[in-house]
Structures are given as structure tokens and as C-alpha cells.
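Here are some exercises with worked solutions for you to follow along with. Have the model open in your viewer and try each task before reading its solution.

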Number of protein chains: 2
Amino acid sequence: MQFPTFDDLLAAHERIRPHVHHTPVLTSTHFDRLTGARLFFKCENLQKIGAFKARGACNAVFGLSEEQAARGVLTHSSGNHGQALAYAAAKRGIPATIVMPETSAKPKLDAVRGYGGRVVTCAPGTKAREEAVATERARTGAEIVHPYADARVIAGQGTCARELIEEAGPLDAIVAPVGGGGLVAGICVAVAGMAPRTLVFAAEPANADDAFRSKRAGRLIEDDAPQTIADGLRASLKPITFHYVASAVEDVLTVTEDEIVAAMRLVWERMKIVIEPSSAVAVAVVMKNAHRFTGQKVGIIVTGGNVDLDRLPWMA
Amino acid sequence: MQFPTFDDLLAAHERIRPHVHHTPVLTSTHFDRLTGARLFFKCENLQKIGAFKARGACNAVFGLSEEQAARGVLTHSSGNHGQALAYAAAKRGIPATIVMPETSAKPKLDAVRGYGGRVVTCAPGTKAREEAVATERARTGAEIVHPYADARVIAGQGTCARELIEEAGPLDAIVAPVGGGGLVAGICVAVAGMAPRTLVFAAEPANADDAFRSKRAGRLIEDDAPQTIADGLRASLKPITFHYVASAVEDVLTVTEDEIVAAMRLVWERMKIVIEPSSAVAVAVVMKNAHRFTGQKVGIIVTGGNVDLDRLPWMA
């Protein structure tokens, strides 16, 4: 198992800079009042493809040798990583094949195709997806870029934390949603390299709480096909990301589906940004655990904004 | 009639800086491809109170003498200016009375009260509102801060164009929605002072096209209670703002209600920001008139993001 270093993260940042946005950091008097903390929202929903995953995918794709690149890239994804890999591959001019659950929201399927990716659908659940990837891999010889169990991807994702810390200054904590754990792992790499006093909290839906249970148990516990509105967080940790959750993450905090929807709506209403349910998980965690962050400077990674505008969760 | 100078705008900028956000400028590959132009979206939806109107209101309120300020401020507004004046007054610790049409969206009424403003409702239409203001003025002696026919307000609104030009560099055009015309007037002041080659276009709903007809006719034509989804643009020009539309604005371009809704939805979906219909008018105008902007650098003022999330216009 190869862990990315802080130098890998710095190299990733240089590599991806021409291909991703330096996203803004927003503040909100309303949320500061609600929580008693000073919050800094790193807006990766305004990132290319609408999510931080553009970072990891670009780092993986642009780090390939010419020979590797020529065979294309391949992944499975519930959505944003698929779009990200399609985007990155198109930028480099190489083919991308994305294995997606057939239950994915239509805008996510369309978006992958819109970026030039080839979509292969499969049954929901981690196992079915991984089998489909193996089949495609055998057929094409494409480079697999796992959505999160990949040192290149982790180093790429961590660059958003570096930008956040550089812009907001020293933070007491960074709160980010955890699904497969690639983002949280990347944040841990950034924090270890540049802000070792900053605590990293992982935010998780109670309905998909494999990270919460794994950290408590001290061993990796996987879910298969958990049910949560936070569709970006249905994946389970893998050994490489569990390593960070177990050893570097301060705590895993969970919220209910209702808390996720309420936080999502409140961000739309007060901050005027479109965030997806997965992002709202981090906001909801800070609201629910405000007592832990009183008077602190807290960074929140707003991970993405890819939603189906015809099916908003507060609509009956 | 007192016209603000570029020096007034610079003074306004210094005065309001502690009280308003320096909002980000976003770009979008998707909209650039759609239009063939290079677009720079000045995100005043991310401004305090969710709209650029925080700028003009703060300039008016913080420019008052102590004696004037003690009697409070008063205005009529279909929404955002009311919130802005309530916000600015609360910041200075003085009372604000806001006369609002009884048809205003509930979130707008609540928001004015949330900022500490006192709401007085009246029938829709310019005349009814102005009568209600006169009554309140006689009772309180408060300083009237008109939503747009006010040199202080115009100078304040223009500061967003200054920031846009400083960040995006020389622009071929700036497109902004026109209702009462305060923003467009302020942009004209900014452009005259710092970027005289930049053309200013006013974007207007065809259903509320008093600026379009006034410019064509060469004289001020007022609407009363026009019907458009762009609720921030139902006001008519006044002589001071007509002056800019007649003499400094390159053209007034109109769009249909359907075009407004389509542009609004597309911005939410692709740019992940919540914009109100009035803002979408400017985006729709650029999309509809893309041939006029081919290869150009075009700034768009995204004026605000105050919408009722339970009543989105693309929902049946």
C-alpha cells in the first residue's frame, strides 16, 4: 500500500493547476451565528465538473506516461469521480470508460457522456461495480483510477485543503464528508504537511456509517449499498483510506437524513450556492456539534453541487 | 438632479468596504461554449443580503450625518433594496422602515424583518408604494433612500462594476439587468471613470420593457405594475436613471419569460449558484444575442440570489 507524501500533494497541485479552478472560500454571518464558530466554506461545488473530484482525477490522468495514457483510463463511480475522470481524460485527449450503477441520477449519467466519457452501467453495490471494472480492464488494458483507494487521487484531493488553509489562515478544524475516504485522506496529508495542529473531522450519514463504525471498532467494516440521500457517500472505506480515518482523523461524526436535507436547504437559501446532499453532511455535522467548535475557526469542504434540479429533497 | 461622479463612486467604495463582501468573479467553460464569448460572472448573489443592493444602501446609510441617522431611514422596495437598507441600518444601529408590496415573496418579507427592519405593506404598483412612503416620512422624519433614483445609491451600486473590471481586466461589454436602473447607472459611472471603451448593455424582461421603450422613444415611459417573474425588475426608470439609459447605455435588450427561466435553471445546473430570475435576465440576453458578443470579453452582473426555494419556476 503506497501512501502519498506532502511532496506528492505539492507536485499534484502544480500538475493540476492548469486544469482545475482555484475555488473561492466563502463566509456566512448567518452560519457563524448559528454555530458560534467562524466558518470557511471551500467551494468545490464551483470546481470543474461541479466537485472536488476533478482534482484527484486530473492528478492521476496527467501523471500517466504517454504509453499508459494511450490505453485510456477506467473507473467505477456513483457519479462525480466518473465525470471527473471523463473530464480529465478529455483534457488530455485520451479515452475514459466509466462503470456506473444503473440507479445513478440521470444528470450524472448525462454529464459523464457530456464530458466525452463512455458509460457502462451495472447493478448497484460495490461488488457488482468492481466486477464490471475487471471485465472492462481485461478488454481494454486501460489504467484503472479508483475513485479513492489510489495515492494519486488522494494527493490530488488534498490540494483543496492546501488552498483552504492558505486562504483562511490557521484553522482549528477542517470538516469534510467521508464516503470512500479519498478526500479525508488527502486533507490529512495536507494538514500533516502544513498545519499539524488542525484537527480533521469526518462527516458521515448515519445511514452509511461504515467510517464511524470502523473507527470505533479499530478495524475496517464495509457496507454494501447503504441507503442515504448523500449519493456521493455510499462507498465504503478501503484499507488505504481507513488508515487515515483510524490514525489521523480526530473523530467521525454522523447526522440523520433529515439533518442533511435541512442543512442543504439552508445553505442554498442563505449562501446562494447549489450544494449536493453529500456536501450538506459536513455542514449538518458542524451545526449538530456546534458545542465542539465554539469560538473556533473551522473549514468546511463543500464537496460538490451536482443535483437533479427536478427532484429536490424538500419538495414533496 | 444630482449625478454621482466617479470620485463619488470611489468614496462609496471606501465607505462600504467594511460592510459588504468583495464578491468572486466566476467563469464557465459551458457558457463560454454556448455563447462564443468569454464571460465573467460578478457574483453579487453572494453579496450581503444576497444582492448587490447592499452596496448602495450601505453607501447611503453610512454617508448620513449623525443627526440624519438618528431619525432612521425609509424606503419602498419589492424586496432586495428593503433587505439591504434594513441590513445597513442595523449595521449602523439606526431604525429602518421598509414599505413593501403585499404581494412580495414571503422569504423577502421575512428577510427584511430578520435584518431588523420594520415592514409596512401596501398595494402593488409604484404609486401606492410612493404614497405609503410619504405617509411614513411625515410621521417619522426618516431619511428616504430611494431604491435607485438617488445619487448615493447609484454610486454604491457602481462599485461592483469597478471590482469586476479590476479583476477581469479590460472588458468589451458589461451586461446587467435593468429595473429602476440604479445598477446600470452605477455601471455607467464606473465605466466612464475607468474603462471608457467598455459598452454597457441593459437587459430587461420583454414583459417589463419600459427601459427598452424609453430608449427607443427618447423619452421616459413608465410602466405601472408590470407582470414578470423577474420580481426585482418590475420598477420603472426615473429621470436620473433614464439619463444613463438614454445617453450612456449602448442598447437595451429584452428576453421572454421562458428565456429567463431557462437561463436561470441552466446557471443553477452548470454553475452551481442560486440566482434569482432578475439575474437570469442578463444571462438570457447574452445567450439570445450571442452573435453580438462573439470573441468578446463580457462581464455579467449576477445581481442576486433571493428566491423562494419552495416555488421554483421550472416546477409544475
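**Exercise 1. Describe how helix H1(B) and helix H3(B) pack.**

Solution. Start with the geometry: H1 (residues 6-16) and H3 (residues 53-62) of chain B pack at about 85°, and their axes lie 9 Å apart. Here helices are DSSP runs of H or I with at least four residues, numbered from the N terminus, and axes are lines fitted to C-alpha atoms over the stretch in contact, with angles from 0 to 180 degrees between N-to-C directions. H1(B) and H3(B) are therefore roughly perpendicular, a label that covers 65 to 115 degrees.

Next, list the partners: Ala12(B), His13(B), Arg15(B) and Ile16(B) of H1(B) meet Arg55(B), Cys58(B), Asn59(B) and Phe62(B) of H3(B), where contact means heavy atoms within 4.5 Å. Sorted by class, this contact of H1(B) with H3(B) has four nonpolar, two polar and two charged residues.

A note on conventions: the model is predicted, with local features needing pLDDT of at least 70 and side-chain atom pairs pLDDT 80 or more, while totals for chains, interfaces and linings use all residues. Residues are numbered from 1 along each chain as written, chains are lettered from A in the order written, and side-chain values use heavy atoms, without hydrogens and water.

**Exercise 2. What rotation superposes chain A on chain B?**

Solution. Superpose by least squares on the C-alpha atoms of residues with pLDDT of at least 70 in both copies. The result is a rotation of 180° with 0.0 Å of shift along its axis, at an RMSD of 0.0 Å. The two copies are thus related as by a two-fold rotation axis. In chain A, the residue closest to that axis is Ile273(A), at 2.1 Å (C-alpha).

**Exercise 3. How many residues does each chain bring to the contact, and what area is buried?**

Solution. Count first: chain A and chain B each give 25 residues. Then take the area: about 2000 Å² is buried between the chains, 58% of it from carbon and sulfur atoms. Buried area is the accessible area (1.4 Å probe) that two parts lose on being put together, summed over both. On the chain A side, Lys272(A), Leu309(A) and Met315(A) lose the most area, together 32% of what that side buries. Finally, 100% of the interface residues of chain A are also interface residues in chain B, so the copies meet through the same surface.

Definitions and conventions:
Helices (H or I, at least four residues) and strands (E, at least two) are DSSP runs, numbered from the N terminus. Angles under 35 degrees count as roughly parallel, over 145 as roughly antiparallel, 65 to 115 as roughly perpendicular and the rest as oblique. Ala, Val, Leu, Ile, Met, Phe, Trp, Tyr, Cys and Pro count as nonpolar, Asp, Glu, Lys and Arg as charged, and the others, Gly among them, as polar.
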